[in-house]
Amino acid sequence: MSNQRLQLTEEQRALIGTVQNLARDKNWRTNSIKFLDGTFPAENLRELAKIGVLGMSVPEEYGGSSLPLFDTVLVIEEIAKHCYTTAMGVMSSVGTQTRVISKYAPESLKREILPKVCTGEVNLAIGMTEPHAGTDVPNYKTNTVIKENCAVVNGVKTLISKVDDAEWFVVFTRINGAPGRDGIGCVLVNRNTPGFEVTARYHTMGGEFLGEIQFNNVEVPLENVILREGAFKKLLSAFNTQRCLNPSVSLGMAEAAFEEAINYVRQRTIRGNPIADFQGIQWKLAEMYRDIEAGRALLYQAALSADPFPNPQQAAVAKMYVNEMAIRVSSEALQVHGGYGFTDDYPISRIYRGVRYGTLGGGAVEALKDLVGKKLVKDFDPVEGFHSMGTF
Ligand SMILES: Cc1cc2nc3c(=O)[nH]c(=O)nc-3n(C[C@H](O)[C@H](O)[C@H](O)COP(=O)(O)OP(=O)(O)OC[C@H]3O[C@@H](n4cnc5c(N)ncnc54)[C@H](O)[C@@H]3O)c2cc1C
């Protein structure tokens with residue numbers, strides 16, 4: 001039996017170290033509280049653009065570094081350890097929207113958009129969710145009619161991140177009214193196009209604003225229709241990367257919560273002794289550490305399967321475990337802070353608010369459990385056992 005274990009390369013360690021130094025030098029964790037009012041972390045993103053982070057998933061010919069998904073996961077995990085809002089800001093430069101454009105957009109749009117994503121001059125957003133249907137993708141109503149010289153988009157998208165900061169929107173839309181999931185393609189819309197309007201803004205418990213957008217006869221050039229009906233599987237494959245990137249935010253935040261907890265229990269005393277001496281506290285730490293390590297293993301394995309998109313099953317399992325684990329771990333970390341943990345003066349309360357996002361975005365965990373459960377019922381072979389799922 002081979003004795004292989006996952007070891008990071010020198011390049012990967014250097015990359016994480018650079019991000020870590022930047023975040024520590026600028027004290028991002030303590031300062032992250034200032035983004036609770038919805039302020040966009042523009043300065044942090046500018047710093048990250050300078051060291052190449054925003055171009056991680058952009059091909060080299062457009063100014064990026066086209067790093068493997070695994071490296072991107074490592075970097076987002078590190079950023080999320082210091083600042084939830086910044087990690088979420090980076091996600092839109094390295095996530096599904098960038099990958100869809102890099103892979104499927106025509107050359108002219110790639111040249112126009114992607115170099116500016118790398119420098120942070122252009123932010124991207126993704127428009128999937130509609131007011132009546134989020135998980136319920138086959139019931140999306142937004143529709144694009146293809147005409148002779150242009151395409152016309154009508155519909156409403158909601159809960160959209162970066163609604164005020166993004167210039168380009170990657171919009172999941174029905175094409176020519178084609179029905180069901182397979183009728184959905186993808187259109188690129190610039191926010192300055194007539195008929196594009198932000199119609200509502202929601203302030204979230206994570207701090208950021210999400211928005212509603214209406215498309216009223218928005219006319220775009222035909223080349224902006226980057227995926228037609230029948231290409232939904234391609235969209236879904238690109239979306240699978242989100243199932244690794246979203247939990248990398250959760251994982252980083254769970255690790256930050258653990259760091260905050262261990263610092264606090266070593267310092268806080270009861271009857272003259274650090275509370276770290278209590279067995280009850282040590283058991284909490286042991287369980288938190290166990291769960292973080294299990295989550296890391298699942299997520300890294302899923303990210304390493306990417307070629308270029310991750311194995312859907314592994315990514316779904318990693319996402320549902322890591323998202324739920326991070327909520328549990330940050331709740332326990334807050335608990336060991338006592339009442340101070342509930343105040344804005346300790347980073348743990350900030351972490352606890354942001355980490356709640358994980359199970360909701362990037363594929364709600366209940367929908368993923370459905371997907372994995374169905375696959376197990378169909379394919380798990382009790383004679384061959386766990387090897388029948390092909391993971392190891
Ligand atoms: C911080 C944040 C950022 C976001 N950013 C974006 C963005 O940029 N772009 C975008 O398009 N959307 C975005 N969203 C929206 C997000 O993608 C949706 O909220 C998500 O897809 C769930 O859709 P929904 O809210 O309509 O809930 P619904 O789909 O209505 O689900 C309601 C509940 O039912 C559960 N459920 C679903 N299927 C099943 C099932 N089979 N069995 C049991 N229960 C089930 C869900 O898990 C959920 O708990 C964001 C959300 C958040 C919180």
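**Exercise 1.** Decide whether Phe-196 is buried or exposed in this predicted model, and then classify its ring pair with Phe-215.

*Solution.* The relative accessibility of Phe-196 is 11%, and because buried means under 20%, Phe-196 counts as buried. The next step concerns the partner, Phe-215, which has a relative accessible area of 1% and is buried. For the geometry, the ring centres of Phe-196 and Phe-215 lie 5.9 Å apart and the planes stand at 75 degrees, so the pair is edge-to-face, given that planes over 60 degrees apart fall into that class. As for the position in the chain, Phe-196 belongs to strand 6 (residues 196-203) and Phe-215 to strand 7 (residues 209-221), and the pair thereby links distant parts of the chain, 19 residues apart. Finally, ring pairs join Phe-196 and Phe-215 with Phe-169 into a cluster, and the structure holds 8 aromatic pairs.

**Exercise 2.** Determine which parts of the chain are tied together by the salt bridge between Glu-259 and Arg-29, and describe the accessibility of Glu-259 and of Arg-29.

*Solution.* The closest N and O atoms of Glu-259 and Arg-29 are 2.7 Å apart, a distance within the 4 Å required for a salt bridge. Glu-259 lies in helix 9 (residues 242-267) and Arg-29 in helix 2 (residues 28-31), so the bridge ties together parts that are 230 residues apart in sequence. With a relative accessibility of 29%, Glu-259 counts as partly exposed, whereas Arg-29, at 14%, counts as buried.

**Exercise 3.** Place the salt bridges Lys-284 to Glu-332 and Asp-370 to Lys-374 in their helices, and assign an accessibility class to each residue.

*Solution.* In the bridge between Lys-284 and Glu-332, the closest N and O atoms are 3.2 Å apart. This pair links distant parts of the chain, with Lys-284 in helix 10 (residues 279-304) and Glu-332 in helix 11 (residues 312-336), 48 residues apart. Lys-284 is partly exposed at 22% relative accessibility, and Glu-332 is partly exposed at 26%.

The side chains of Asp-370 and Lys-374 meet at 3.7 Å, N to O, and both residues lie in helix 13 (residues 365-379), 4 residues apart, which is about one turn of the helix. Asp-370, with a relative accessible area of 46%, is partly exposed, while Lys-374, at 58%, counts as exposed.

**Exercise 4.** State how many salt bridges a search of the whole structure finds, and which residues are joined into one network by shared partners.

*Solution.* The search finds 21 salt bridges. Those that share partners join Glu-77, Glu-78, Lys-81, Glu-255, Glu-293 and Arg-296 into one network.

Conventions
Residues are numbered from 1 along each chain as its sequence is written. This is a predicted model: local features need pLDDT of at least 70, side-chain atom pairs count only at pLDDT 80 or more; totals for chains, interfaces and linings use all residues. Side-chain values use heavy atoms; hydrogens and water are left out. Rings of Phe, Tyr and Trp (its six-membered ring) pair if their centres lie within 6.5 Å; planes under 30 degrees apart count as stacked, over 60 as edge-to-face and the rest as tilted. Helices (H or I, at least four residues) and strands (E, at least two) are DSSP runs, numbered from the N terminus. Buried means under 20% relative accessible area, exposed over 50%, partly exposed in between (1.4 Å probe, protein chains only).
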